[in-house]
Amino acid sequence: MDNTALSETSPIPSRQHLLDRLSVITPVLIIFAIVFTLSAIKNIYDTSTNAMSLGSSAIATLENYIDNTTSELAELNRHVSSTCSVEDTQRLRQYVFQSPKAKEVSLFDENGQVYCSSSEGKTRFDVGKAALKQINQTPTLTTIALSESRSHDKAIFIYSANEDLSGINALLPPNLFLELITPKFEQQYYDYQVNILQHSLEHKTGSENQAYRSYNFKSERYPISLTIHLTPHSYFTNFGQHIWRVILLASAIAVLYQAIRNYKLTRNSLAFSLKEAINNHELELNFQPIVDIHEPKIVGSEALIRWNNPDHGAISPTIFIPLAERIQVIEQITHQVFKLVTEFVNLNPHLVQNQYISINVSRTLIIKAKFVDYLEKYAKKNPDILPLLLLEITEDNDFSPEELEVVRNNLGHLKQLGFKIAMDDFGTGYSGLNFIHQHAFDIIKIDQVFIKSLSQNSAIDSVITSMIKLAKQLKMRVIAEGVETHEQVEHLRGLGVRYIQGFYYSKPLPAEDYLLKLTAQMDSY
């Protein structure tokens, strides 16, 4: 088993944690800032466009109202006489009663004299020369004027005349007339001014002095013009009314950014990189020699998978093997180890004919029927290689009683197929002694934790002696792993250990370097 130790990681400093959080938040804030800035610039164009659209619509609304009113007045004029009878007065009053805006209706003759009104009945006063002139200049003989009523209040008059210039008019209060367009202007906080002939109706005074931009509109049929003034308030209001769209757009872009960022992080993550390494056959095989200290000579090796990632560098097996188990790709890695070992043996049969190669099998795989089926097929396909292989099963206390029963049955089946079985890390699990009596292992490997404590704890000698005695009783060989010093070698020799694995003799070697050692050993004999 690979004995590379995990280095302890220090807790992330709070400052670094803050920087990491800022690295996530800052791009989102920048996205919102850019979207809001671009939206504010676009808002200038949108506000102007909206003002022009609203101005044209307002002129059309006023024209449409005047058209409808003049049509109603013309129809009413056909049902009254020039005598201003009681019936005529009643008809005029009925129209005013039914009209939402007209406050008075009057009849005038060809000389411009009003002779009948809805409020007084028979009466006599001038329409006004300006109004008559405007009627006479209009092809449709309809017009609108702004002047004072007889009560000296400012009023709007809509005129509809016959060919002899006699006709009918309706009086409207200016505020009722402006109500046709003011709600939309006030909603947008647009300042505006409506002009009728030379007279003006102004919604706010002084707006032209505060305006950033003004737009003028004029009716083609009536003497009405409209000026819209865009103030800072107008732009802010238009932006505020559409702020939800800006926030939605910025949020959507931020979410998309985070999705892309997370995707890239995932692609660059260790888990993703490991899957890519497996799919692209980037994992490499190393061999750590196992030495008979009585000869001394290499009698076997442990096949160890290695991963040198282009982005992350060399990844320790103590990191990527547990990761492979967690993301459920350990079986794929194990298949690749068998494939690489098989290729290695087939290419170098003369060097490994008297050797053995041990392969680690994860505890998560040994209980899987699918993996046992794979080993069965492998054994049938590679009968010549089978005697050279040793399967290392880690002693573990995570197995339930039911799983232990499955493990025993599977190991028994594998022994029947011809595989040799080793118990790795013996002595580290509570179930080891019981388990080792229930299955005929070929080899037990003493865990390195015992080897490291040889010189520190005298009781370890008794423990290792008991292991060796038990192994001899059960006809199992013993391998001590993690041996790093000459003192440890001699100590183990004195305790009766014959087979050694560890950095004292060799670190895990690439296949080429291991072959050089085997070649040198063969040449020396």
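**View 1. Phe108 and Tyr159, two buried rings.** Both Phe108 and Tyr159 are buried, where buried means under 20% relative accessible area, exposed over 50% and partly exposed in between (1.4 Å probe, protein chains only). Their ring centres sit 6.0 Å apart with the planes at 75 degrees, so this pair is edge-to-face. The cut-offs here: rings of Phe, Tyr and Trp (its six-membered ring) pair if their centres lie within 6.5 Å, with planes under 30 degrees apart counting as stacked, over 60 as edge-to-face and the rest as tilted. Phe108 belongs to strand β1 (residues 104-108) and Tyr159 to strand β5 (residues 154-161), so the pair ties together parts that are 51 residues apart in sequence. Helices (H or I, at least four residues) and strands (E, at least two) are DSSP runs, numbered from the N terminus.

A note for every view: this is a predicted model, in which local features need pLDDT of at least 70 and side-chain atom pairs count only at pLDDT 80 or more, while totals for chains, interfaces and linings use all residues. Residues are numbered from 1 along each chain as its sequence is written, and side-chain values use heavy atoms, with hydrogens and water left out.

**View 2. More aromatic rings: Tyr504 with Tyr505, and a cluster**. Tyr504 and Tyr505 make an edge-to-face pair, at 5.0 Å centre to centre and 80 degrees between the planes. Tyr504 is partly exposed at 32% relative accessibility, and Tyr505 is partly exposed at 29%. Elsewhere, Phe338, Phe371, Tyr374 and Tyr378 form one aromatic cluster. Searching the whole structure turns up 14 aromatic pairs.

**View 3. Helices α13 and α14 side by side, roughly parallel**. The axes of α13 (residues 369-381) and α14 (residues 401-417) come within 10 Å and cross at roughly 5 degrees. Axes are lines fitted to C-alpha atoms, for helices over the stretch in contact, and angles run from 0 to 180 degrees between N-to-C directions. Angles under 35 degrees count as roughly parallel, over 145 as roughly antiparallel, 65 to 115 as roughly perpendicular and the rest as oblique. On the α13 side we have Val372, Leu375, Glu376 and Ala379, which meet Asn410, His413, Leu414 and Leu417 of α14; contact means heavy atoms within 4.5 Å.

**View 4. Gly121 in strand β3**. Gly121 is buried, with a relative accessible area of 5%, and sits in β3 (residues 121-126). Its C-alpha atom is 5.5 Å from that of Thr89, although the two residues are 32 apart along the chain. Beyond its neighbours within four places in sequence, Gly121 is in contact with Cys84, Thr89, Arg93, Tyr115 and Cys116.

**View 5. Asn195 in strand β7**. Asn195 counts as buried at 14% relative accessibility. Skipping neighbours within four places in sequence, Asn195 is in contact with Ser200, Pro223, Ile224, Ser225 and Thr227.

**View 6. Backbone oddities in three loops**. Most residues other than glycine have a negative phi, and most peptide bonds are trans. Leu141, in the loop between α3 (129-137) and β4 (142-148), has a positive phi of about 60 degrees although it is not a glycine. Tyr189, in the loop between α5 (182-188) and β7, also has a positive phi, about 55 degrees. The peptide bond from Glu295 to Pro296 is cis, with omega near -15 degrees.
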